[in-house]
Amino acid sequence: MGKTSMSFNDLHIKINCIYDEILKSTGYKIDREIEKLGQSFYIFNRNHYELKKELESFQSIETVRYLMAIENIQKMDDYRNEVLRLLYNFLVAAKSLVEQARYIVKESGCKKEFKEKYLLEVKQRFSNSECNKFIEDFRNYLVHKGFPNISFTESYDKEKGYSSFVAININYLKRWDGWTKLSKQYINSLQSSENFLAIVTSYSVEIFSFYEWFKLEFRNFHKHEY
């Protein structure tokens with residue numbers, strides 16, 4: 001006679017045992033954390049896109065003339081509030097993404113070699129970055145001081161033509177005593193009425209680059225666990 005086939009119940013138990021082992025494995029734990037990081041990046045990326053799109057819309061002369069019209073003063077206020085709402089979401093999402101990466105390295109069983117390389121990369125990319133430190137402190141500014149003073153600037157130059165942008169009042173920000181050294185250096189390098197889109201873009205480029213680096217290096221270092 002042939003061997004007795006495994007019963008459905010025995011098979012079910014065996015599958016559950018295998019599944020439990022998977023859940024306990026370092027590879028599964030690491031994979032789940034990198035998936036969460038991907039979710040945090042998606043949220044940051046969407047918030048960046050929406051804020052950038054809103055700021056870019058003011059570069060259109062048609063939009064500017066519409067919002068600047070006296071009869072549309074309420075629409076201008078609504079536009080300002082929308083920019084501030086998106087700014088808040090952008091800063092919170094940026095903080096979440098950075099903290100998620102830090103948590104993965106600290107708590108998820110990452111290899112020592114990767115932790116050392118991560119710390120070095122963070123130091124090189126962010127520790128001495130004036131723009132990054134400004135964004136970090138800017139989040140604290142919103143908590144302690146509220147929203148910044150933004151304005152809407154338009155000008156015309158014979159050579160450059162027409163230009164308009166959403167500006168952030170740098171002199172207004174300087175009144176706060178919570179800026180750290182690097183943030184102060186960054187603020188002092190800006191115009192009194194700075195193009196806010198340029199600041200957002202500069203910071204986002206660094207975050208995008210870091211995220212791509214983290215994913216690639218993380219997977220290379222943990223091939224065995226995967």
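**Exercise 1. The two sides of H8**

Which exposed residues does the face of H8 turned away from its buried side carry?

*Solution.* Remember as you work that this is a predicted model.

- Step 1: Begin with the buried residues of helix H8 (residues 181–188), which are Ser183, Tyr186 and Ile187.
- Step 2: These buried residues cover an arc of only 100 degrees around the axis, so they sit on the same side of H8.
- Step 3: Now turn to the face pointing away from that buried side: the exposed residues there are Lys181 and Asn188.
- Step 4: To finish, look at what lies over the buried residues of H8; the cover includes H6, helix H7 (170–173) and H9.

**Exercise 2. How H6 meets H8**

Work out how the axes of H6 and H8 are arranged, and find the residues that meet.

*Solution.*

- Step 1: The axes of H6 and H8 come within 8 Å and cross at roughly 105 degrees.
- Step 2: Angles of 65 to 115 degrees count as roughly perpendicular, and therefore H6 and H8 are roughly perpendicular to each other.
- Step 3: On the H6 side, the residues are Glu130, Cys131, Lys133, Phe134 and Asp137. They meet Leu182, Ser183, Gln185, Tyr186 and Ile187 in H8.
- Step 4: Sorted by class, the contact of H6 with H8 has five nonpolar, two polar and three charged residues.

**Exercise 3. A second partner for H6**

Describe the packing of H6 against H9, then place Asn132 in the picture.

*Solution.*

- Step 1: The axes of H6 and H9 are 9 Å apart, and the helices pack at an angle of about 110 degrees.
- Step 2: H6 and H9 are therefore roughly perpendicular to each other.
- Step 3: From H6, the contact uses Cys131, Asn132, Phe134, Ile135, Phe138 and Arg139. From H9 come Phe196, Ile199, Ser202 and Tyr203.
- Step 4: These residues divide into seven nonpolar, two polar and one charged.
- Step 5: Zoom in on Asn132, which lies in helix H6 (residues 130–144). Leaving aside neighbours within four places in sequence, Asn132 is in contact with Phe126 and Tyr203.
- Step 6: Is Asn132 buried or exposed? Its relative accessible area is 6%, and since buried means under 20%, Asn132 is buried.

**Exercise 4. H4 alongside H9**

Find how H4 and H9 are oriented, and say what kinds of residue make their contact.

*Solution.*

- Step 1: Helix H4 (residues 73–107) and helix H9 (residues 196–221) have axes that come within 12 Å and cross at roughly 25 degrees.
- Step 2: Angles under 35 degrees count as roughly parallel, and H4 and H9 are therefore roughly parallel to each other.
- Step 3: The crossing in which H4 passes H9 is left-handed.
- Step 4: Among the H4 residues in the contact are Leu87, Phe90, Ala94 and Val105, while those of H9 include Tyr203, Ser204, Phe214 and Phe218.
- Step 5: By class, the contact of H4 with H9 has 16 nonpolar residues, one polar and no charged ones.

**Exercise 5. Lys75**

Locate Lys75 and describe its surroundings.

*Solution.*

- Step 1: Lys75 belongs to helix H4.
- Step 2: Its relative accessibility is 40%, so Lys75 counts as partly exposed.
- Step 3: Not counting residues up to four places away in sequence, Lys75 touches Tyr66 and Leu67.
- Step 4: Lys75 and His222 are 147 residues apart along the chain, and their C-alpha atoms are separated by 52 Å.

How values were computed
Residues numbered from 1 in each chain as written. Predicted model: local features only at pLDDT ≥ 70, side-chain atom pairs only at ≥ 80, totals over all residues. Heavy atoms only, no water. Helix = DSSP H or I, 4+ residues; strand = E, 2+ residues; numbered from the N terminus. Buried < 20%, exposed > 50% of the residue type's maximum accessible area, 1.4 Å probe, protein only. Contact = heavy atoms within 4.5 Å. Axes fitted to C-alpha atoms, helices over the stretch in contact; angles between N-to-C directions. Parallel < 35°, antiparallel > 145°, perpendicular 65-115°, else oblique. Left-handed = near helix turned anticlockwise from the far one by under 90°. Nonpolar A, V, L, I, M, F, W, Y, C, P; charged D, E, K, R; others polar. Arc of directions from axis to C-beta.
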